[in-house]
Amino acid sequence: MQETATPKIAVLVLNYNGAHFLNDCFQSILKDTSIKFDTYLIDNASKDSSVDLIRKKYPSVIIVQNLVNLGFAGAYDKIIRELDYEYLVLLNNDTVVQENWLEALVKVAESDSQIGACGSKILMMNDKKIIDHAGGMLTIIGSGLDRGKWTTDERQYDIQMEVGFACGCALLIRKSAYLEAGGFHPDYFMYHEDVDVCWKMRLLGYSVLYVPDSVVYHYLGGGISQGDEHPFKTYLCQKNRLANVIVNIGIRRLPLAVLISMIYDFVRVAKFSLKRRWDLLEVLFRAYAVTFRNLNTLWKRRSEIQRRRSVSDRECKEFFAPVIGSALEYRRLTNEKNEVRKHEILADD
């Protein structure tokens, strides 16, 4: 019997001034000899010692240096289009991988050519019993909802299953499906671009799977992200979730999605006003202004994916979090996070 050829796999670690994370991250990656793969450091114009560290300590790692910070979306999209691999595995610089994490992802992806992406079970680095992400649900307001976030891992999420999206922190993508879905749009820069790409894959008939046998540990806050209620993060999340609504939701559900999105923002305006967070209010409205200014471009992107979609919103329903359930879950996430921080289980952002 003829042996099946090993697929071409690349692990891509995106980095921006994350030298303090890189040794642990690459040490864990390169310890894995269960499967053949190439490893890349994608550096977004870091000003620290990141590139020198990897060049000296890990000579087998291929280094790609961007002249400017392209963000998560721009940097990954650029390199994915340039490289010739069947699977590309995106991995945050502030992670440590468990043995055989990659083999588990590839095994699932190889089981069905209609699997467009699959993601790891992600646990918090500072307390490995706390879940960061166990697969995600789509929401009608254009964001993603992480299953199990801030809960104690008692193996309740150890069943492999289809999900709405998988987190870009540790995400295997099939290049052909990624390109067919249009890839990460550089305008996103960072946040909700993983939701967008997985959502598009689903509309085109691809599956997105959560793989609990692939375990990754992740620092809270991270090497390239901003903390909660940071103006830059709030702006990008707002702008990008609005884009997801406009581009990806079917025409019949679009009015409802816009209405619920506006209600969600009315609540946020009230919350930020009570807190006197005028900086957050400013970026919230600036995101709306940018969205309206780019409405024509967004509608063209919408027309393209809606024209090619083969799966209806009704067929995607099981991958969406219920509206009321989403609201309650967001409240639970906030309460759980505050409780965890109060007891100093996790490190500061």
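Here are a few notes on strand 6 and on S28 in this predicted model.

1. Let's start with how covered strand 6 is. The strand spans residues 115-124, and ten of its ten residues are buried. Mostly covered, then, is a fair way to put it.

2. Now for its partners, beginning with strand 12, residues 207-218. Strand 6 pairs with strand 12 in the parallel sense, and nine bridges link the two. If you want a spot to check the register, look at I122, whose bridge partner in strand 12 is V216.

3. Strand 11 (residues 170-174) also pairs with strand 6, but here the two run antiparallel, with three bridges between them. To find the pairing on screen, go to G119: its bridge partner in strand 11 is L171.

4. Then there's strand 7, residues 131-133, which is antiparallel to strand 6 and joined to it by two bridges. The connection between strand 6 and strand 7 is a hairpin of six residues. L123 is a handy marker here, as it stands opposite I131 of strand 7.

5. Moving on to S28, which you'll find in helix 1, residues 19-30. Buried or exposed? S28 counts as buried because its relative accessibility is 9%, and the cut-off for buried is under 20%.

6. What does the side chain of S28 reach? It comes to 3.1 Å from the backbone nitrogen of V97. Setting aside neighbours within four places in sequence, S28 is in contact with V96 as well as V97. Those are the residues I'd pull up alongside S28 when looking at this spot.

Key:
Residues numbered from 1 in each chain as written. Predicted model: local features only at pLDDT ≥ 70, side-chain atom pairs only at ≥ 80, totals over all residues. Heavy atoms only, no water. Buried < 20%, exposed > 50% of the residue type's maximum accessible area, 1.4 Å probe, protein only. Helix = DSSP H or I, 4+ residues; strand = E, 2+ residues; numbered from the N terminus. Pairing = 2+ DSSP bridges. Polar contact = N/O pair within 3.5 Å; in protein donor to acceptor, adjacent residues only side chain to side chain. Contact = heavy atoms within 4.5 Å.
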